[in-house]
Amino acid sequence: MGMGTTVLSLRIDGELLERLRDHAAKRGMSVQDYVVRTLVRDDFDERFQSAVEETEKFYGVT
């Protein structure tokens with residue numbers, strides 16, 4: 001993670017937690033690791049998408 005870690009508490013409903021547990025279990029991950037990985041991936045995808053859009057603007061791709 002880089003600069004140490006911080007605790008983040010989330011209040012989520014039981015149904016969502018069950019879904020998270022299922023998704024995490026399918027990958028052999030803890031719920032915590034799965035959530036963190038998903039957040040990191042979404043953030044990365046967002047930045048990557050904006051970089052692609054900037055590149056397309058630069059090259060005139062529509």
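These notebook entries record what I looked up in the structure.

**Entry 1: the model**
I note at the outset that this is a predicted model.

**Entry 2: salt bridges**
I looked for salt bridges and found 2 in the structure.

I began with helix α1, which covers residues 14–26. Here Arg21 forms a salt bridge with Glu18, and their closest N and O atoms are 2.9 Å apart. Both residues belong to helix α1 and are separated by 3 residues, about one turn of the helix. I then looked up how accessible the two partners are. Arg21 has a relative accessible area of 41% and is partly exposed. Glu18 also counts as partly exposed, at 41% relative accessibility.

I turned next to helix α2, where Lys57 and Glu54 both lie, 3 residues apart, about one turn of the helix. Their side chains meet in a salt bridge with an N to O distance of 3.2 Å. Is Lys57 buried or exposed? Its relative accessibility is 60%, so Lys57 counts as exposed, because the class begins over 50%. Glu54, with a relative accessible area of 48%, is partly exposed.

**Entry 3: the span of helix α2**
I checked the length of helix α2, which runs over residues 31–59 and holds 29 residues. At 1.5 Å a residue, the helix should span 42 Å. The expected span is 1.5 Å times one less than the number of residues, which is why I did not multiply by the full count. The C-alpha atoms at the two ends are 41 Å apart, which agrees with the expected value.

**Entry 4: the end of helix α2**
I looked up what follows the helix. Gly60 comes just after α2 and takes a positive phi of about 70°.

I also searched for aromatic pairs, and the structure holds 1. Phe58 and Tyr59 form this pair, with 5.0 Å from centre to centre. How are the two rings of Phe58 and Tyr59 arranged? The angle between their planes is 85°, and the pair is edge-to-face. Phe58 and Tyr59 are both exposed.

**Entry 5: a nonpolar patch**
Finally, I examined the surface for nonpolar side chains. Leu8, Leu10, Ile12 and Leu16 form a nonpolar patch there. Together these residues have about 380 Å² of accessible area. I looked up Leu8 in particular, and found it in the segment before α1. Leu8 has a relative accessible area of 64% and is therefore exposed.

Key. Residues are numbered from 1 along each chain as its sequence is written. This is a predicted model: local features need pLDDT of at least 70, side-chain atom pairs count only at pLDDT 80 or more; totals for chains, interfaces and linings use all residues. Side-chain values use heavy atoms; hydrogens and water are left out. Rings of Phe, Tyr and Trp (its six-membered ring) pair if their centres lie within 6.5 Å; planes under 30 degrees apart count as stacked, over 60 as edge-to-face and the rest as tilted. Buried means under 20% relative accessible area, exposed over 50%, partly exposed in between (1.4 Å probe, protein chains only). Helices (H or I, at least four residues) and strands (E, at least two) are DSSP runs, numbered from the N terminus. Patches are made of residues with over 30% relative accessible area and no salt bridge: like charges are joined within 9 Å, nonpolar side chains (Val, Leu, Ile, Met, Phe, Trp, Tyr) within 5 Å. Accessible areas come from the Shrake-Rupley method with a 1.4 Å probe; for residues, only the protein chains shown count as cover. A salt bridge is a side-chain nitrogen of Lys or Arg within 4 Å of a carboxyl oxygen of Asp or Glu.
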